[in-house]
Structures are given as C-alpha cells and as structure tokens.
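Reader: I've got this one open on my screen and I'd like to go through the reasoning behind the labels. Can we take it step by step?

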Amino acid sequence: HLEAVIYTDANGVSNYFTPSGESMRKAFIRTPVDFARISSHFNLKRKHPVLHKIRAHKGTDYAASRGTPIKATGDGKVTFAGRKGGYGNVVILQHGQKITTLYAHMHKFARNIKVGKRVKQGQIIGYVGSTGLASGPHLHYEFRVNGVHKNPVRVKLPHAKPVPNSEVELFSLQTKPLLAQLDTLRENFQLALNDQ
Ligand SMILES: [Zn+2]
C-alpha cells in the first residue's frame with residue numbers, strides 16, 4: 001500500500017508527501033505539451049530536415065498544431081524570453097542551480113513571461129509555432145544538467161523537494177491526525193474483510 005498526506009507549507013503551497021516528509025511529486029513533468037507526438041528524437045548525429053546537413057539534435061521535437069499551449073515542466077525562473085536565431089521565439093527556464101529547460105519555435109509567449117519572472121510547474125509559458133528554423137509547427141524542447149544536453153525523454157527526473165527542516169515539526173503536527181485516521185480506516189476495512 002501507499003500512504004501520502006497533503007501538507008500546506010508556510011508559503012501556503014499544498015503538496016503531497018510521504019509520512020516521512022519526502023515529496024510524492026517529481027520536480028519535472030516529462031512532456032511540455034499535451035496531445036502531441038514526437039516528430040524528432042534527441043540524436044547527436046541527425047541529418048537536419050531544413051539544412052540537410054549532419055547537425056546534432058540536442059532536444060526532442062513535439063509536433064502539435066499551431067497555438068497548442070506549452071507548459072513549464074518544472075518550477076523555475078525565466079532567464080530568456082525572446083528571439084534567438086534558428087530557435088525563433090524561445091523561452092529558457094532555470095530550475096534550481098543545475099537544470100535549465102528550453103522551449104523553441106514558439107508562435108507567441110504567454111502573458112507575464114518576462115526575464116526574472118517565476119513560473120510554476122504546468123504553467124503555460126507560450127504557444128506552439130514555427131518561428132526560426134522550423135519546417136512546420138512544433139515544439140523543440142531541451143533539458144540541460146550542468147550545461148550538458150540530456151535526452152528529455154530518458155533523463156531521470158528528480159523528486160520535488162522534501163518538507164524543509166524548518167517545517168518538520170509543523171508537518172508532523174498537521175499530518176499525525178491524518179495518518180491516525182488512515183490507520184483506523186485500514187483496520188476497519190481489514191475487520192470488514194475478515195467478517196466475510
Ligand atoms: Zn528540434
């Protein structure tokens with residue numbers, strides 16, 4: 001069985017945790033667009049569809065219709081939002097110290113997506129388009145760890161942060177009654193099963 005408790009932290013943000021305070025949530029969602037198919041995989045020896053030359057493809061392409069919303073895959077901060085050569089309209093997000101994600105060829109940016117702004121996981125940051133060097137509407141998505149490109153489809157996604165040390169006491173105060181309730185429910189359920 002799995003046990004999880006909801007806890008609202010000092011900043012008013014609610015998340016699910018294990019009884020020992022580990023996050024139940026991944027720090028990243030795998031795919032930044034819904035209803036899309038992968039049209040080009042991460043491949044360091046790809047022949048470029050527009051340039052017809054061998055050129056490393058350091059991300060994953062998701063084909064989707066123009067205007068499909070693009071979601072931030074993790075909580076982070078906008079470090080770039082603008083036009084950049086072959087990327088066209090591109091957003092770069094910084095997540096903690098080590099990880100950055102990049103979203104290219106956008107038709108347009110979502111409102112409020114400006115350098116320095118914070119974004120939440122799942123927040124819409126822009127819309128699929130074909131700006132820059134693109135043969136059709138798609139999202140080009142990159143995932144870098146310490147500056148090194150990783151395959152976004154395969155990279156091991158870290159768990160979201162556990163309950164901070166400063167809130168451990170509050171966490172146990174809030175969640176003890178919930179866990180006790182769960183225990184009672186489980187015992188009653190077991191008794192009901194035994195009666196049958
Ligand atoms: Zn691409």
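Author: Sure, let's start with H48, which sits in the loop between β3 (37–40) and β4 (60–63). Keep in mind that this is a predicted model.

Reader: What makes H48 count as buried or exposed?

Author: Its relative accessibility. H48 comes out at 8%, and buried means under 20%, so H48 counts as buried.

Reader: And which residues does H48 touch, leaving out those up to four places away in sequence?

Author: K53, R55 and L133. A contact here means heavy atoms within 4.5 Å. As for N89, it is 41 residues from H48 in sequence, and their C-alpha atoms are 19 Å apart in space.

Reader: Next, A134. Why is A134 put in the class it gets?

Author: A134 is in the loop between β11 (124–127) and β12. Its relative accessibility is 21%; buried would need under 20% and exposed over 50%, so A134 counts as partly exposed.

Reader: How far is A134 from H105?

Author: In sequence, 29 residues; in space, 7.0 Å from C-alpha to C-alpha. A134 does touch H105, and V50 too, with residues up to four places away in sequence not counted.

Reader: How do you know whether H105 is buried or exposed?

Author: Same kind of check. H105 belongs to strand β8, and with 5% relative accessibility against a limit of under 20% for buried, H105 counts as buried.

Reader: What makes the backbone of H105 worth a remark?

Author: Its phi is near 65°, which is positive although the residue isn't glycine. Most residues other than glycine have a negative phi. N146 gets a remark of that kind as well, with a positive phi near 50° in a residue other than glycine.

Reader: Where is N146, between which strands?

Author: In the loop between β12 and β13 (148–150).

Reader: And why is N146 called exposed?

Author: Exposed takes over 50% relative accessible area, and N146 has 56%, so N146 is exposed.

Reader: On to the interior. Which residues touch the most other members of the largest nonpolar core?

Author: That core has 23 residues, and I70, L93, Y103, I125 and L139 touch the most other members. The elements that give it two or more residues are β7 (88–95), β8 (99–106) and β12 (138–145). Take I125: among the residues it touches, not counting those up to four places away in sequence, are I70, V91, L93, Y103, M106 and F109.

Reader: What makes V5 and Y7 part of another core?

Author: A nonpolar core is a set of buried nonpolar residues joined through side-chain atoms within 4.5 Å. V5, Y7, V163 and L179 are among six residues that form another core, apart from the one with I125.

Reader: Zooming out, how many helices and strands does the protein chain have?

Author: One helix and 13 strands.

Reader: Why is the protein chain said to be more spread out than a compact globule?

Author: The globule rule gives 16 Å for 196 residues, while the radius of gyration is 21 Å, well over that, so the chain is more spread out than a compact globule. Along the principal axes, the C-alpha atoms fill a box of roughly 70 × 40 × 30 Å. Buried residues make up 37% of the 196.

Reader: How many side chains are positive, and how many negative?

Author: There are 29 positive and 12 negative ones, and the centres of the two sets are 22 Å apart.

Conventions: Residues are numbered from 1 along each chain as its sequence is written. This is a predicted model: local features need pLDDT of at least 70, side-chain atom pairs count only at pLDDT 80 or more; totals for chains, interfaces and linings use all residues. Side-chain values use heavy atoms; hydrogens and water are left out. Helices (H or I, at least four residues) and strands (E, at least two) are DSSP runs, numbered from the N terminus. The radius of gyration is taken over C-alpha atoms; the globule rule is 2.2 Å times the number of residues to the power 0.38. Buried means under 20% relative accessible area, exposed over 50%, partly exposed in between (1.4 Å probe, protein chains only). Lys and Arg count as positive and Asp and Glu as negative; His and the chain ends are not counted. The place of a charge is taken as NZ of Lys, CZ of Arg, CG of Asp or CD of Glu.
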